[in-house]
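Please take a moment to look over the sequence and the three-dimensional picture together, so that the paragraphs below can lead you from one part to the next.

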Amino acid sequence: QVQLVESGGGLVQAGGSLRLSCAASGRTFSSYVMGWFRQAPGKERESVAAIRRSGGVTYDLDSVKGRFTISRDNAKNTVYLQMNNLKPEDTAVYYCAAGTTWPLKSVDTWGQGTQDTVSS
């Protein structure tokens, strides 16, 4: 089973950018569907985006389309979430996730989460 460690979160002003990284252990990273979820205070965790083994992507939130980009580097066992033009409503804990289904509705492994705070 793969293990996931996120990095790259932090505090940024509205309109700024952050790039999240999720490093995976294990030699089977390329076989996993990878995704990013987020959970804002008082809200349920929601799917942000997912990427297939071959690189096909989906964005599950209309509010991030055109601003967020998910990508993966199978050689580095890493998945990324580039977040541009950030808004205060993007403030949340962001979680990396790995699974074997598409869409990514069933998650096998979660990362520990990274806090992203966008100030107005």
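A good starting point is the disulfide that joins cysteine 22 to cysteine 96, whose two sulfur atoms lie 2.1 Å from each other in what is a predicted model. The structure holds one disulfide, and with -85 degrees about its S-S bond, the link of cysteine 22 and cysteine 96 is left-handed. Because cysteine 22 belongs to strand β3 (residues 18-24) while cysteine 96 belongs to strand β9 (residues 92-99), the pair ties together parts that are 74 residues apart in sequence. Are these two cysteines buried or exposed? Cysteine 22 has a relative accessibility of 0% and so counts as buried, and cysteine 96 is likewise buried, with a relative accessible area of 0%.

From strand β3 we can move on to the sheet that contains it. In general, the strands of a sheet pair through backbone hydrogen bonds, and they do so in either a parallel or an antiparallel manner. Here, four strands form an open sheet in the order β1-β3-β8-β7, and the pairing is antiparallel. The edges of this sheet are β1 (4-7) and β7, each of which pairs on one side only, and from one strand to the next the twist averages 15 degrees. If you follow the edge strand β7, you will find that β7 and β8 pair in the antiparallel sense over six bridges, with isoleucine 70 standing opposite leucine 81 in β8.

Strand β7 is also the place of arginine 72, a residue that deserves a careful look. Which side chain of opposite charge is nearest to arginine 72? That side chain is aspartate 73, but it is 8.3 Å away, and arginine 72, although buried, has no salt bridge. A salt bridge would need a side-chain nitrogen of the arginine within 4 Å of a carboxyl oxygen. The side chain of arginine 72 does, however, reach the backbone oxygen of tyrosine 32 at 2.8 Å, and a polar contact of 2.8 Å joins the side chains of arginine 72 and asparagine 74.

The loops come next, and here the backbone itself is worth following. Most residues other than glycine have a negative phi, and most peptide bonds are trans. Asparagine 77, in the loop between β7 (68-73) and β8 (78-83), has a positive phi near 55 degrees, although it is a residue other than glycine. Further along the chain, in the loop between β8 and β9, asparagine 85 has a positive phi of about 50 degrees and is not a glycine either; asparagine 85 is partly exposed, with a relative accessible area of 42%. The peptide bond from tryptophan 102 to proline 103 is cis, with omega near -5 degrees, and proline 103 is placed in the loop between β9 and β10 (109-110).

One more loop residue completes the walk, namely leucine 61, which is found between β6 (57-59) and β7. Leucine 61 has a relative accessible area of 13% and is therefore buried. How far apart are leucine 61 and aspartate 108, in sequence and in space? They are 47 residues apart in sequence, and their C-alpha atoms are 21 Å apart in space.

Definitions and conventions:
Residues numbered from 1 in each chain as written. Predicted model: local features only at pLDDT ≥ 70, side-chain atom pairs only at ≥ 80, totals over all residues. Heavy atoms only, no water. Disulfide = S-S within 2.5 Å. Helix = DSSP H or I, 4+ residues; strand = E, 2+ residues; numbered from the N terminus. Buried < 20%, exposed > 50% of the residue type's maximum accessible area, 1.4 Å probe, protein only. Pairing = 2+ DSSP bridges. Axes fitted to C-alpha atoms, helices over the stretch in contact; angles between N-to-C directions. Lys, Arg positive; Asp, Glu negative; His and termini not counted. Polar contact = N/O pair within 3.5 Å; in protein donor to acceptor, adjacent residues only side chain to side chain.
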